[in-house]
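Trainee: I should like to go through this structure with you, step by step. May we begin with its charged side chains?

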Amino acid sequence: MHPVPPRSSPAVATTRVHPSEADDLHRGGHADGRRAAAADRPAVYTVWKRSSMGFQGTDGFSVYDAAGALAFRVDNYSRRRKLFAGELLLMDGSGAPLLALRPQILSMRDQWNCYRASEEIGSDKSSRRQHLFSMRLCSLIKTSDDAEVYMVGSASSSDRNGEEVPDFRVQGSFWRRSCKIRNGDGEEVARITRKKAGAALESVTLGNDVFTLTVMPNADCTMIMAFVVIMDRICQRPYKPLMCSSS
């Protein structure tokens, strides 16, 4: 059986975390979460902000594809200060490492760097791994959840002031589960929305611990999921474990 999200009403009692049959028209994901979205339709994932290890109060991610298979996971990492946080490891559903995410120390905009994961996991190994991208908040004063991503080695353009244009932008409210990810041309490549369960006429909006991630055709699902994990770390709302959440 698949796990169930926190219940806000009796109607949610038997709801599966992953997309239900009511989502058929929007499906497009693969059982293998590492692939890009299909060429003809978006890939829809259900993201549960809880480690697949299953302990109450754990601070990780379990991400299910449209078929209900575990596509990505981040298991039970610490939320200590950046200086002591170490790296986060984004894995596929079977636990194989995909991407390693590390905070940039002494960053005014909470920058994180992403590296190709390897079997050599440790604080001194990042210099030997392929650096893929850097992500940071847009504003120094942190008045919004907007963030920007710079891919390593990309031929980014510059604006009229000569400043480098980011390869991706996250716009909207991450903590309200209402934001979009756009590429450098302004095209939407992914969106985060509140998760609804049940039939269309009797749907129930679930809490913020469960939300929907929609990845547009031909976008890199693994990279998009890495953006989501970093956004969870750099946005300012404090995390409340499920076991300690107030009703």
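Trainee: How many salt bridges does the structure hold?

Mentor: This is a predicted model. Side chains of opposite charge can pair when their charged atoms come close. The number of salt bridges in the structure is seven.

Trainee: Are Asp75 and Arg73 buried or exposed?

Mentor: The side chains of Asp75 and Arg73 meet in a salt bridge, with 2.6 Å from N to O. As for accessibility, Asp75 and Arg73 are both buried.

Trainee: Why does Glu188 count as partly exposed, and which residue forms a salt bridge with Glu188 at 2.8 Å?

Mentor: The class of partly exposed residues lies between 20% and 50% relative accessible area. Glu188 has a relative accessible area of 22%, and therefore counts as partly exposed. Lys180 forms a salt bridge with Glu188 in which the closest N and O atoms are 3.8 Å apart. In the salt bridge at 2.8 Å, the partner of Glu188 is Arg191.

Trainee: Which residues are joined into one network by salt bridges that share partners?

Mentor: The network is built from salt bridges with shared partners. Its members are Arg109, Arg136 and Glu148.

Trainee: Which residue in E7 stands opposite Tyr115?

Mentor: Strands E6 (residues 112–116) and E7 (residues 131–137) run antiparallel and are joined by four bridges. Opposite Tyr115, the residue in E7 is His131.

Trainee: What angle does the direction of helix H2 make with that of E7?

Mentor: Helix H2 (residues 221–234) packs on the sheet, and E7 is one of the strands touched. The angle between the two directions is about 35°.

Methods: Residues numbered from 1 in each chain as written. Predicted model: local features only at pLDDT ≥ 70, side-chain atom pairs only at ≥ 80, totals over all residues. Heavy atoms only, no water. Pairing = 2+ DSSP bridges. Contact = heavy atoms within 4.5 Å. Axes fitted to C-alpha atoms, helices over the stretch in contact; angles between N-to-C directions. Salt bridge = Lys/Arg side-chain N within 4 Å of Asp/Glu carboxyl O. Buried < 20%, exposed > 50% of the residue type's maximum accessible area, 1.4 Å probe, protein only.
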